[in-house]
Amino acid sequence: MLEKTKVFKATLYYKESKVLCRFDFFDWCKHMETVMLTARTDAVVMMLGTNDLKGIYGQSASEIACGAGALIDLARGTLAGPDGTPPRVLLVSPVPVVLTPHSEMWGFGHGIEEGKRLAGMYELMAAGKGVGFFDAGSVAQVSPLDGVHLDEAGHAALGAAMAEAARGELARG
């Protein structure tokens, strides 16, 4: 294409795991829609946004919440719930990242302060979309070893709380 059009755009960085970019490589939104239509689920639990806090992406908490809002719309728009209805959605704010040498090396230095705002932005987004909300940071903390991932106790606490939150969301339906 470059030889024919003489037009190109330099790519400064590339990260395959970035959810909503590189549609030419992998369209995560289309994949999500396909999985949902295949699974035909009563509810969807969405916990995302941690990696979006990396400085390389320069995203604010409100921008990340807006991205989550777009995924809520996509999920509900599939009508993959019972009898062709929109599935219930539970939006989960991730556990806040803390500053450690590892989290800083992995690019989260910028995101520490924005991450503290993420739960509030997610709660506003969930309320505006009429879906459930759960703050994972209310029951778990990241491991002090790397400041990003949960340790065994954090996983256990989050798992138990998420099961209860999901049951509550289904009961609300």
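This passage describes a parallel sheet, the helices packed on it and the cores around them.

The structure is a predicted model, in which local features need pLDDT of at least 70, side-chain atom pairs count only at pLDDT 80 or more, and totals for chains, interfaces and linings use all residues. Residues are numbered from 1 along each chain as its sequence is written, and side-chain values use heavy atoms, with hydrogens and water left out.

A good place to begin is the open sheet, whose three strands follow the order β1-β2-β3 with parallel pairing. Strands (E, at least two residues) and helices (H or I, at least four) are DSSP runs, numbered from the N terminus, and two strands pair if DSSP finds at least two bridges between them. At the edges lie β1 (43–47) and β3 (132–135), each pairing on one side only. Neighbouring strands are turned by 20° against each other on average, direction ignored; axes here are lines fitted to C-alpha atoms, for helices over the stretch in contact, and angles run from 0 to 180 degrees between N-to-C directions. Five bridges join β1 to β2, and Met47 stands opposite Val92 in β2. The chain passes from β1 through α3 to β2 in a right-handed β-α-β crossover, meaning that, with the strands pointing away from the viewer, the path from the first strand over the helix to the second runs clockwise. On the other side, four bridges link β2 (residues 88–93) to β3. Leu91 has Phe133 of β3 as its bridge partner, and Ser93 has Asp135.

Strand β2 is mostly covered, with six of its six residues buried; buried means under 20% relative accessible area, exposed over 50%, and partly exposed in between (1.4 Å probe, protein chains only). In a regular strand the side chains alternate between the two faces of the sheet. Here Arg88, Leu90 and Val92 point one way from β2, while Val89, Leu91 and Ser93 point the other way.

Two helices pack against these strands. Helix α3 (residues 61–77) touches β1 and β2, and its direction makes about 160° with that of β2; contact means heavy atoms within 4.5 Å. Helix α5 (residues 111–129) lies across β2 and β3 and runs at about 165° to β2. The buried residues of α3 include Ile64, Ala68, Leu71, Ile72 and Ala75, and among the elements covering its buried residues are α2, β1, β2 and α5.

Which residues touch the most other members of the largest nonpolar core? They are Met46, Ile72, Val89, Leu91 and Tyr122, out of 25 residues in that core, where a nonpolar core is a set of buried Ala, Val, Leu, Ile, Met, Phe, Trp, Tyr and Cys residues joined through side-chain atoms within 4.5 Å. Two or more residues come from each of α2 (28–39), β1, α3, β2 and α5, and α3 gives the most, with seven. Leaving aside its neighbours within four places in sequence, Val89 is in contact with residues including Val44, Met46, Ile72 and Ala75. Apart from this core lies another, of twelve residues, among them Leu90, Ala136, Leu158 and Met162.

The loop between α3 and β2 also deserves a look, since it holds Thr78. Thr78 counts as buried because its relative accessibility is 9%. Beyond its neighbours within four places in sequence, Thr78 is in contact with Glu33, Met36, Leu37 and Pro87. Just after α3, Leu79 takes a positive phi of about 55°.
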